[in-house]
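Ready for a few short exercises? Have the sequence and the 3D view open, and try each task before you read its solution.

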Amino acid sequence: MKKKLIDVCLQHLENVSQTAKSLMDEAQQQANDYGQNKDRYDSFRTKQERMAAMYSKQYDNAESSIRTLLQIDAEKQCSCVEFGSYVCTDKQKMFISVSIGQLECDNEKFYAISVKVPIYEVMKGKKVGDTFTFNGVTQKIEKIA
């Protein structure tokens, strides 16, 4: 299951990366084609350069997340909640990896979260059968892989 989760996350991030790169290149090309601003009130080129920088940041973030995902050992069985673990509670399923949000794998929804989010801090180190409370909601850990 963990291998499938990694593949789903990688596919999502590669799509984000390709889209951001394409939009970044397009914005930069439009800025270059336009040439220098015509006067001090002409902001088209500046706007395109800002957009290119924004997409560049999104691209860098996606590439960084891909590198982080590739560090996960899909064969490792986790006995507690840690980086790389797949956690099923009585309320939701989470893959402790990178912050992507809700994704779907084998027609089941799960949340890809990073070790930097508050809910991870609450459940870090917990084992099957343990409970934790986050935002007033108590969850019981049913499975860790």
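Three exercises follow, on a helix, on charged pairs and on a sheet.

Before you start, note that this is a predicted model, in which local features need pLDDT of at least 70, side-chain atom pairs count only at pLDDT 80 or more, and totals for chains, interfaces and linings use all residues. Residues are numbered from 1 along each chain as its sequence is written, and side-chain values use heavy atoms, with hydrogens and water left out.

**Exercise 1. Check the length of helix 2 (residues 44–69), and find what its buried residues pack against.**

Step 1. Helices (H or I, at least four residues) and strands (E, at least two) are DSSP runs, numbered from the N terminus. The expected span of a helix is 1.5 Å times one less than its number of residues.

Step 2. With 26 residues, helix 2 should span 38 Å, and its end C-alpha atoms are 38 Å apart, so the two values agree.

Step 3. Now look for buried residues (under 20% relative accessible area; exposed is over 50%, partly exposed in between; 1.4 Å probe, protein chains only). In helix 2 these are R45, Q48, A52, Y55, A62, S65, I66 and L69.

Step 4. They pack against helix 1 (2–34) and strand 2 (93–96), where contact means heavy atoms within 4.5 Å.

**Exercise 2. Describe the salt bridges of K3 and of E108.**

Step 1. A salt bridge is a side-chain nitrogen of Lys or Arg within 4 Å of a carboxyl oxygen of Asp or Glu. The structure holds six of them.

Step 2. K3 pairs with D7, their closest N and O atoms being 3.1 Å apart. Because the two are four residues apart in helix 1, about one helical turn separates them. K3 is partly exposed at 48%, and D7 is partly exposed at 35%.

Step 3. E108 meets K93 at 3.4 Å, N to O. This pair links distant parts of the chain, with E108 in strand 4 (residues 108–113) and K93 in strand 2, 15 residues apart.

**Exercise 3. In what order do the six strands of the open sheet lie, and which stand at the edges?**

Step 1. The order is 3-4-2-1-6-5, with mixed pairing; two strands pair if DSSP finds at least two bridges between them.

Step 2. Strand 3 (101–105) and strand 5 (131–134) are the edges: each has a single partner strand, so one side of each lacks a neighbour in the sheet.

Step 3. Strands 3 and 4 run antiparallel and are joined by five bridges. One pairs G101 with A112 in strand 4.
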